[in-house]
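Thanks for coming, everyone. Let's take a quick walk through one model. Please have a look at it on the screen first.

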Amino acid sequence: MSSMLDAVVVGAGPNGLAAAISLARAGRSVRVFEAGPTPGGGARSAELTLPGFVHDVCSAIHPLAAASPFFRQLPLGAHGLEWVHPEAPLAHPLDNGTAAVLEHTLEATAQGLGPDAGRYVKWMRPMVRAFDDVMAQMADPLRLPRRPLRLARFGLRALRPAHSLAAHAFRGPLARALFAGSAAHSFSALEKPFTSAFGILLLASGHAVGWPFPRGGTQKLVDALVSYLRALGGEVETGHRVHNVEELPRSRAVLLDVTPRQLVKLAGHRLPPSYVQKLQRFRYGPGVFKVDWALSGPIPWLAPACARAGTVHLGGTLEEISASEAAVSRGETPERPYVLLAQHTLFDPSRAPAGQHTGWAYCHVPNGSTEDMTERIEAQVERAAPGFRARILARHTRSPAQYEAYNPNFIGGDISGGSLEGMQLFARPVARFVPYATPDPRLYLCSASTPPGPGVHGLCGFLAARALLASEVWRKG
C-alpha cells in the first residue's frame, strides 16, 4: 500500500462500512477507524443479561436492510449472513384479546382486519407495487423514476399526517392501530405531516420483503460487511477513537459516519463559519429508553397470534399511540408509552439457552430524558401478556444518557441521527445539492444525518461514497 490512502472512514456502523465497501469495490484503498471494541455502531449484539442470552444492543429487526438495493448487491450470505423470517412480520394487540397481524401477503393480513379487509387490500396494493420503486429511488435520488405515477401516488399519501390518514382510510380499531404503530417509527407526533410515509413504507416492506433479522444477532450483519470489506482489501481498526481529523493517516478523502455535532468537533476548523453555524442549528429528535430481558419462557400473549410475530407493537389504539407520541413531541414523558418489542428466540433459538428466551423493547422519550421507563414498559407488556413479569430472569436497561455514552452519535438518546420532522426529513444535515459533501472537498459525511436517513440500509454510506467517487478529489491527487 502506498503512503497515502485513498480514503479513511471514521465509524464502523452500517453506513461507514457501506461507504468503505463502495470505495473498495471501485478499487480504492480504504481504512475504517472505530472507537468501540467491535464494529457495528447501532448494529451490535452482546450478552447483556445472563450468559448464553444474546441481545441486540440497538437495532434488532431489519426490513430496510433486507430491502436495501445496496446490501442486495453484496455477497453477504457467503460471508456468514443468514436472514431469519418470522412466521409473521408484526402483530399489534388490543385490550380485548384480539390482534392485528401483518402477514406476508395482503390477503392474509386483510382476513384479520374485520370491516377493513377490503379497504386494506385496495389501499395497500398500489403501495406494495411501488415499494421496489421507492427503494430504488432512495438509492439513486437524482435518477428519473422508472414508474413516476407509482411514486407520485406513494408520495401524495406519504405527505399526510398518519392520524388523519388512518382515521380516513380505515373504520375499525385493528387496521387503524396497525397503521399507527408502524407510523410511530417516525419518532414524531402522528398529527404531523409526512408521518404516514413511515407507516406506508414499513407495512409495504412487510409484504414485499418481510421484517427479518440475522440469525445469531444483528452483529452477524456487521460481521458479514466487515468480512466482505476485508476480502476487497479494506481495513478495519477497532478501539481507535478519533478526536480530530488531523490525527488520521494521510488520505485523499475522509468520510465521517457521525452526526453534525461530532462533525463540528472533529473538523470544524476546516469548515467555513457559515456552514458550521448551519450544522449547529441541526435539530435532534426524541430519545429512547430500552429494556432487554432474559426470560424463562416465551412471552404469554393474551392474543395467541402475537406468538407468530417477530415484532410486536404495544400501546393500544390509534388514539392511545397518538397521545403517547404527542406527549413525547411536547417534551413530556408518557405514562403509557408506545413500545416496540422483538422476540427473536421464538424463531432463532441460538440466541438463548434451550427452552429460554430473550425479549427486546424500547419506547420513545424526550431527548435527554432522565426518567426510568422500566416499569412503564413492563406494564405495557404485562397488559398484553398477563404473567410476563413472572418469566423475567434478568433485565438490562439503557437510558438516553447511557446510549449517548455508548455511542456519541446517539445525542440525548436519539438513535435516528437527528429529527425527522419538517424539511429536516429531506435536507439533512443542511440544504445542499450534494448533502454528503462539505465545503471542504476532501471531507464527506456518510451517517444517518444525511439522506435517506435512519435505518440499517447502508444507503447513506453508499451515496456518500458515490458522490466522492464522482468528485474532483481523485484528479487533484
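Where is Pro429 found? In the loop between helix 14, residues 400–406, and strand 16, residues 443–445. Keep in mind that this is a predicted model. I start with Pro429 for its backbone. The peptide bond joining Arg428 and Pro429 is cis, with omega at about -5°. There is another cis bond to show you. It runs from Pro451 to Pro452, and omega there is near 5°. Pro452 sits in the loop between strand 16 and helix 15, residues 459–469.

Staying with the backbone, let's go to phi. Most residues other than glycine have a negative phi, and most peptide bonds are trans. Now look at Phe187. Its phi is near 60°, a positive value in a residue other than glycine. Phe194 also has a positive phi, near 75°. Where do they sit? Phe187 is in the loop between helix 7, residues 173–183, and helix 8, residues 195–208. Phe194 is in the loop between helix 7 and helix 8 as well. Are they buried or exposed? Phe187 is buried, because its relative accessible area is 10% and the cut-off for buried is under 20%. Phe194, at 18%, is buried too.

Next, the nonpolar cores. In soluble globular proteins, nonpolar side chains tend to be buried together. The largest core here has 112 residues. Which of them have the most contacts inside it? Tyr120, Phe179, Leu229 and Leu255. Helix 4, residues 117–139, gives this core its largest share, eleven residues. Take Phe179 as a close-up. Beyond its neighbours within four places in sequence, Phe179 is in contact with residues including Trp123, Phe170, Ile200 and Leu203. Ala162, Leu165 and Ala166 are among its contacts too. Apart from the largest core lies another one, of 27 residues. Its members include Ala88, Val291, Met373 and Ile392.

Now a helix pair. Helix 10 covers residues 260–267, and helix 11 covers residues 273–280. Their axes come within 8 Å and cross at roughly 145°. The crossing is left-handed. On the helix 10 side, the contact is made by Pro260, Leu263 and Val264. On the helix 11 side, Tyr275, Val276, Leu279 and Gln280 make the contact.

On to some buried polar and charged side chains. Start with Glu103. Glu103 sits in the loop between strand 7, residues 99–102, and helix 3, residues 106–111. It counts as buried, because its relative accessibility is 13%. What does its side chain pair with? The side chain of Arg308, in a polar contact of 2.9 Å. Leaving aside neighbours within four places in sequence, Glu103 also touches Ala88, Pro89, Gly206 and His207, among others. Glu87 is on that contact list. Glu87 and Glu103 are 16 residues apart along the chain, with their C-alpha atoms separated by 7.9 Å.

Then Arg376, in helix 13, residues 374–384. Arg376 is buried at a relative accessible area of 15%. Its side chain makes a polar contact of 3.1 Å with the side chain of Glu335. Not counting residues up to four places away in sequence, Arg376 touches Thr333, Pro334, Glu335, Pro337 and Glu371. For scale, Arg376 and Arg252 are 50 Å apart, C-alpha to C-alpha. In sequence they are 124 residues apart.

His357 comes next. It lies in strand 14, residues 357–365. At 12% relative accessibility, His357 is buried. Its side chain and that of Thr345 are joined by a polar contact of 2.8 Å. Setting aside neighbours within four places, the contacts of His357 include Phe53, Trp293, Leu295 and Pro298.

Last topic: cysteines. How many disulfides does the structure hold? Zero. Why is Cys58 not in one? The closest cysteine sulfur, in Cys363, is 15 Å from the sulfur of Cys58, so it is too far for a bond. Cys446 is in no disulfide either, and its nearest cysteine sulfur, that of Cys460, is 8.4 Å away. Cys58 is buried at 7% relative accessibility. Cys446 is buried at 0%.

That's the tour. I'm happy to go back to any part of it.

Technical notes: Residues numbered from 1 in each chain as written. Predicted model: local features only at pLDDT ≥ 70, side-chain atom pairs only at ≥ 80, totals over all residues. Heavy atoms only, no water. Helix = DSSP H or I, 4+ residues; strand = E, 2+ residues; numbered from the N terminus. Buried < 20%, exposed > 50% of the residue type's maximum accessible area, 1.4 Å probe, protein only. Contact = heavy atoms within 4.5 Å. Polar contact = N/O pair within 3.5 Å; in protein donor to acceptor, adjacent residues only side chain to side chain. Disulfide = S-S within 2.5 Å. Core = buried A, V, L, I, M, F, W, Y, C linked by side-chain atoms within 4.5 Å. Axes fitted to C-alpha atoms, helices over the stretch in contact; angles between N-to-C directions. Left-handed = near helix turned anticlockwise from the far one by under 90°.
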